[in-house]
Amino acid sequence: MPDALSLKRFLAELDSLLSPLDEKKLRSVFTGYASGLPASARTEFLGHLRGLCASAPPVQQRDPDLIAEIESFIAAVESGKYYDGWGWDPELRHERAFGDESWVPRMDTLFTGAATAFLDSRHDLSAAAHRLLFGALALDGDEPVFSYEFSPAESLTTDLVEAGARWLRSIYELAADPGEAAEVMAETWLELLPHGARPSSLLAVRETLPTEPANLEVFYPRWSQELVERSGGHDPLRGRLLREVAAATGNVSALIEAARKPGLGQPHAYLDLVDALRDHGDEEAALDICREGLGLLSGGDRSGWTAYQWAPLAETAADLAYGKEAVEFRIQAFTLATSTRRLVALHRAAEAQHSGSGGQVAGEAADRLAAGAPGLAHHHLANFRAQALLLAGRVDDALSLLPTANAVANGASDTTLTVLPYVLAASCGAVAHRDWENTVLHTMLAATADAGHSVFYGDDHRADDVETLSHLLERALREQISTAPERTAWLRTAHGVIDRWIGTTLNGKQRALYGDAARLAAALTETGIILDGESVYLDGVIDTYRRYVAFRREADKVRRESVLL
């Protein structure tokens, strides 16, 4: 949805369209538009036009009336008039708040009254009315006080973001000095306005009226300081507002102070500062700030949320740096927050620095990941480390990461499905087989790149990165240098793991994993066919578990995926 036009920009655009038109042309535009309306919309159009053309000005509400009406409405809300209870709505097919829904048009009308006061420059009334109305919305907390389908805000037709901007502009206009304006606006913006009603920029507040607020040059320093002092949690909105001031004044001192203030979200404050410096064209200073911020990281376990937040700063540093330092930052980003995209970016950076070094650097990142996350307690970390080790051609190290049978029973199968297809293909030279692309092994190898997205929320997971990682793994297979005894040992290890994995899965009746079990059995069978011309492994598994009809169906489905089976 496009951003809503501010009043200032709307009026300016409207004026630019109307200025060239004389009365005859204006009539032509109106009648042309009206002629194209469907019949069902004509009456409504005429009603709007009659209202606009009425000779008498609209009756203005007296100030006490609006405040009294809002207070009466709030008293009705607090008395429970608009809420009967919470329950299931069979038409909507979800739970909702039931009750008298007449509060919606009534509150919209009151917001309209507040807007009228604002546009009439009655900022004392506007500020008081908006404060009371947003306070009324805040009454709906853990215990509802309104009836609604999804939320009170979504029930209203009022644009709450614009209403919030008008409230803030009224506060500015009423303030005795810039310091008072900054203090009250920061409190209102960051604490009193609900998240869905917070303007995204000071520009949105400025453009609620056609005229600019007075004394902005005096206001900006006080505003910046107020935002810095309210740095609890490093609110992203606060960061955007500080960047806006830096862009308007060319001064990043407030952003520097905010970034150096410890606390949750400090990495985001550093990013805000770096982005502002880049906006000013000072990339050298931006890189220095990246180095400063990343220098705050301490050793120890890096597998948690705190470390994860620093990864975007490391990526930004890599974009700004050159050569070995850029590669170092890519390693840091990957070890802070593992993801498919970061692994691919790491490999590319290493190859750009020195062709053929991508695998070696991926292996170094895998070692650092293990050192920074003792025990690899989260199986996604082991999975990404396995991918990096395979890119480095370190098959034995990757095999050491395979989960135990007990872990498999708990669903930790990502690493198994990452490592085993590669190991089986390396054991038999499958990539050189004429039917390689029509095998289960090929399909599973491609899927290993999709086996895990990120430790946190699957971020940065894109189809082109998955495809790239798949190609890189296949290239590593083609370049893999190994001896016959090594390949025999790999196959023996893989065979044992697959036997245990299938046994644990089927005996535990983990039906969600039957498809994976069938594919592993098929991949091992293809390995035997490529090496010896035949294999009956899959048939043996089906015979052993002949009573498992669901597994047999999965096995039949997998057979159809391979020309070798």
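**Figure 1. Ala 286 and its contacts in helix α15 of the predicted model.** Ala 286 touches Val 274, Leu 277, Arg 278 and Leu 320, once neighbours within four places in sequence are set aside. Ala 286 sits in helix α15. The residue is buried, because its relative accessibility is 0%, and the cut-off for buried is under 20%. One of the contacts, Leu 320, is 34 residues from Ala 286 in sequence. In space, the two C-alpha atoms are 8.0 Å apart.

**Figure 2. A salt bridge between helices α15 and α18.** Arg 291 pairs with Glu 325 in a salt bridge. The closest N and O atoms are 2.8 Å apart. This pair links distant parts of the chain. Arg 291 belongs to helix α15 (residues 283-294), and Glu 325 belongs to helix α18 (residues 323-336). In sequence, 34 residues separate the partners. Arg 291 is partly exposed, at a relative accessible area of 35%. Glu 325 is also partly exposed, with 29%.

**Figure 3. A salt bridge within helix α8.** The side chains of Glu 173 and Arg 169 form a salt bridge, at 2.7 Å from N to O. Both residues lie in helix α8 (residues 160-174). They are separated by about one helical turn, because they are four residues apart in this helix. Is each partner buried or partly exposed? Glu 173 is partly exposed, at 34% relative accessibility. Arg 169 is buried, at 1%.

**Figure 4. The salt-bridge network around Asp 367 and Arg 394.** Asp 367 and Arg 394 meet through their side chains in a salt bridge, 2.8 Å from N to O. The two residues come from distant parts of the chain, 27 residues apart. Asp 367 is in helix α20 (residues 358-372). Arg 394 is in the loop between α21 (379-391) and α22 (395-399). Asp 367 counts as partly exposed, with 34% relative accessibility. Arg 394 counts as partly exposed too, at 25%. Which residues make up the network? Asp 367, Arg 385, Arg 394 and Asp 397 are joined by salt bridges that share partners. The count for the model is 28 salt bridges.

**Figure 5. Asp 140, a buried acidic side chain without a salt bridge.** Asp 140 is located in the loop between α6 (123-138) and α7 (152-155). The residue is buried, yet no salt bridge is found for Asp 140. How far away is the nearest side chain of opposite charge? That side chain is Arg 96, at 11 Å. A salt bridge requires a nitrogen-to-oxygen separation within 4 Å. The side chain of Asp 140 instead reaches a backbone nitrogen, that of Val 145, at 2.8 Å. Beyond four places in sequence, Asp 140 is in contact with Val 145, Phe 146, Tyr 148 and Pro 152.

**Figure 6. The β1–β2 hairpin.** Strand β1 (residues 85-89) and strand β2 (residues 94-98) run antiparallel. Five bridges join them. Gly 85 faces Phe 98 of β2. Four residues lie between the strands of the hairpin. There, Arg 93 adopts a positive phi near 65 degrees. In total, the protein has 30 helices and two strands.

**Figure 7. The buried side of helix α29.** Helix α29 spans residues 537-544. Its buried residues are Tyr 537, Leu 538, Val 541 and Ile 542. Why do they fall on the same side of α29? They cover an arc of only 135 degrees around the axis, so they share that side. These buried residues pack against α27 (484-507), α28 (514-532) and α30 (549-559).

**Figure 8. Thr 416 and its surroundings in helix α24.** Thr 416 is part of helix α24 (residues 414-428). The residue is buried, with a relative accessible area of 1%. Setting aside residues up to four places away in sequence, Thr 416 touches Leu 402, Pro 403, Pro 421, Trp 501 and Leu 520. Across the protein, buried residues account for 49% of the 565 residues. Of the contacts between residues at least 6 apart in sequence, 67% join residues at least 24 apart.

Terms used: Residues are numbered from 1 along each chain as its sequence is written. This is a predicted model: local features need pLDDT of at least 70, side-chain atom pairs count only at pLDDT 80 or more; totals for chains, interfaces and linings use all residues. Side-chain values use heavy atoms; hydrogens and water are left out. Buried means under 20% relative accessible area, exposed over 50%, partly exposed in between (1.4 Å probe, protein chains only). Lys and Arg count as positive and Asp and Glu as negative; His and the chain ends are not counted. A polar contact is a pair of N or O atoms within 3.5 Å; within protein, one must be able to donate a hydrogen and the other to accept it, and residues adjacent in sequence count only if both atoms are side-chain atoms. Contact means heavy atoms within 4.5 Å. Two strands pair if DSSP finds at least two bridges between them. The arc is that of the directions from the helix axis to the C-beta atoms.
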